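Good morning, and thank you for the time. I would ask you to look at the sequence and the model before I begin.

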Amino acid sequence: MRLVSFFKHLPLRLQIIILVVVVLALPLIAANIQITRDIDDQIHDQAGEKAEEISNIIVSSPVVINGLKNLDAISLQEIQEYTQTIKKIAGVEFIVVIDMKGIRVSHPDTAKIGKRWLAETKFGY
């Protein structure tokens, strides 16, 4: 109520200026929110596509395929070195390779290699 009363006591020119600013600002704010959401969605989609491309490269690599068949110390080291190389080239934070039994074969934290992946944890990697 005080705001309306205050607004009515302003000169007509100032009332018009305030109304024009408000009428122009609201759609600009709404457009900004929508554009920000669209850009966030695009970034998220691109990150997902990049992750899928990297995983396809890794899963089709002879180093990983043969390493998962053998699962000896040399194979595990080769897989770890290969994934670290791909990680650097692709510019991603981490790459984790997990076998069909849920055991980590490659991980940025070498202490986690050979341990079970827990899908129920927040990030699980």
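I shall go through the annotated regions, the pocket, the nonpolar core and one loop residue.

This is a predicted model, in which local features need pLDDT of at least 70 and side-chain atom pairs count only at pLDDT 80 or more, while totals for chains, interfaces and linings use all residues. Residues are numbered from 1 along each chain as its sequence is written, and side-chain values use heavy atoms, with hydrogens and water left out.

Let me start with the annotations. UniProt, in an unreviewed entry, places a "transmembrane region" at residues 12–33; such annotations may be inferred rather than shown by experiment. In the model this span is 100% helix and 0% strand, with its end C-alpha atoms 32 Å apart. The unreviewed entry also gives "domain: Single cache" for residues 40–117. There the chain is 60% helix and 6% strand, and 29 Å separates the end C-alpha atoms. Helices (H or I, at least four residues) and strands (E, at least two) are DSSP runs, numbered from the N terminus.

I turn to the largest pocket. It holds about 540 Å³ of space. A pocket here is an open set of points on a 1 Å grid over the protein atoms alone, where a 1.4 Å probe fits, with protein on both sides within 12 Å along at least five of seven lines; lining residues have an atom within 4 Å of a point. The volume is the space filled by probe spheres set on the points. Of the 19 lining residues, A51, I54, F94, I95 and V96 lie nearest the centre. Helix α2 (12–59) and helix α3 (62–70) each supply at least two of the lining residues, and α2 gives the largest share, nine.

Which residues form the largest nonpolar core? There are nine: I54, I58, V64, I79, Y82, I86, I95, V97 and V105. Helix α4 (73–90) and α2 each supply at least two of them, and α4 gives the most, with three. Such a core is a set of buried Ala, Val, Leu, Ile, Met, Phe, Trp, Tyr and Cys residues joined through side-chain atoms within 4.5 Å; buried means under 20% relative accessible area, exposed over 50%, partly exposed in between (1.4 Å probe, protein chains only).

Finally, I103 sits in the loop between β1 (97–98) and β2 (104–106). I103 counts as partly exposed because its relative accessibility is 23%.
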